[in-house]
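Colleague: I would like to go through this model with you. Could we begin with the charged pairs and then turn to the backbone and the surface?

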Amino acid sequence: MSLGLSNLSEKFVNKKIFKNYQFLFETDDSAKTANKYVLPAFIEEKMSKVYYRKDPSKTKQYILGDQRAQFDPKFIDNDGLAAYFNKLYEQVDIYDNNISLVTNQFLSPIANSAPTFYKFFITDTIKTSQPWLVELSFVPRNKADMLFKGQLYVTLDGNYAVQGANMTVADDINLNFVRDLQIQLKFEKDSKSRFYLKTSTLGIDFSLTEKGMGIRGSRTVNYNNYKVGIQQADSIYDGPSTVIAYNIENKKAIKSLFETQRPLALAQNELNIYHNIDTLQKIPSFRTFMDIAALVLSGYKQAGPVEIGPVNTFYSFNPVEGFRLRIGGRTTEALSKRFYAETYAAYGFKDQKWKYFLVGPMLSITNQYIPSLCTTSGRLIKRYQDPWTKA
């Protein structure tokens, strides 16, 4: 899975602010966006062993390795990004009657009711492959319906199996800011002459405008080593449907796994993403920008294994405490994944009282003065909390 900014103009790329970052940009080879640029920003690879049982139905995925070009985790939630992208780019099964894409349901072109909603045309016969194939083009009967258009490649051996499919969406539909969508499916025949999905590719280009900058993502799934008719023990399917079956800390083993067993070689521009993200995070100006962005968005300043903040509470004013200063912070996963603590200290210059707070795994100490203000007959009523609370 890869993701990046798309449809970038030459004027945008050559801005002075990007002078030290030109190595990140690539020329777009898409026909729709010729003479434009893209900015790759994310790539993830995952290798799994998948078991499927028909009765009772159960699918179990054992993840053997997972690697991604990731940013410093103190700035960006890489796991959250990966989970969101995997949810967005769902698997496409043309044999399902309804195909779910970006929260919408599309009728498959080979569903039982497809001839009611699609028009089909035989546009070519391919005799260079065995068995021979017929190219079957299809378009929606109603251009405003949530339907596909494209080509199916169907075998002419009497089985009429789908060997390949190229699909996109109709031009006149409104699909949640989707500017372009491409689906490619390829099937291969096993020793028993049954066709199985070999490669599935889904590419989506999101944008607010037709010609402006957007976000383009692509997800490719490759299937190998189908083994059919092998009865597995029930223990294989126990537990959650997805299991991590490798040591996430052993990065060298994960890297070696993909170098030796990756079924599809990455293109050079995809390999460059890993190198470019690592290089980007070593540039001082980029790290400074990320520090400021994290401070503005989260309100906390990174300081090694702790975070100082939130900054919007450093200074405040109220009628009871007057001018109030506060300093606080909390621990992060860089210090410990099992231990968490948070604290602050504050002082009011009008009431001349200290307030403090400390919380940890087994401790909570509070000395808080909580003003509750209301007006009754022109008088200011003050409410005090018990100054010592221990739990």
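Modeller: The side chains of Asp-28 and Arg-216 form a salt bridge, with 2.9 Å from N to O; the term stands for a side-chain nitrogen of Lys or Arg within 4 Å of a carboxyl oxygen of Asp or Glu. This is a predicted model, in which local features need pLDDT of at least 70 and side-chain atom pairs count only at pLDDT 80 or more, while totals for chains, interfaces and linings use all residues. Residues are numbered from 1 along each chain as its sequence is written, and side-chain values use heavy atoms, with hydrogens and water left out.

Colleague: Where do Asp-28 and Arg-216 lie in the chain?

Modeller: Asp-28 is in the loop between strand S2 (26-27) and strand S3 (37-53), and Arg-216 is in strand S13, 188 residues apart. Strands (E, at least two residues) and helices (H or I, at least four) are DSSP runs, numbered from the N terminus.

Colleague: Is Asp-28 buried or exposed?

Modeller: Asp-28 is buried, at 6% relative accessible area, whereas Arg-216 is partly exposed at 26%. Buried means under 20% relative accessible area, exposed over 50%, and partly exposed in between (1.4 Å probe, protein chains only).

Colleague: Which residues are linked with them in a network?

Modeller: Asp-28, Arg-179, Asp-205 and Arg-216 are linked in a network of salt bridges. The structure holds 11 salt bridges.

Colleague: What does Glu-45 pair with?

Modeller: Glu-45 meets Arg-262 in a salt bridge of 2.6 Å, N to O. Arg-262 lies in the loop between helix H4 (251-261) and helix H5 (268-280) and Glu-45 in strand S3, so this pair ties together parts 217 residues apart in sequence.

Colleague: Turning to the backbone, which peptide bond before Pro-131 is cis?

Modeller: The bond from Gln-130 to Pro-131 is cis, with omega near -5°. Pro-131 sits in the loop between strand S7 (118-126) and strand S8 (133-140). The bond from Gly-309 to Pro-310 is cis as well, with omega near -5°.

Colleague: And what is the phi of Val-102?

Modeller: Its phi is near 40°, a positive value in a residue other than glycine. Most residues other than glycine have a negative phi. Thr-103 has a positive phi too, of about 65°. Val-102 is buried at 6% relative accessible area, whereas Thr-103 is exposed at 71%.
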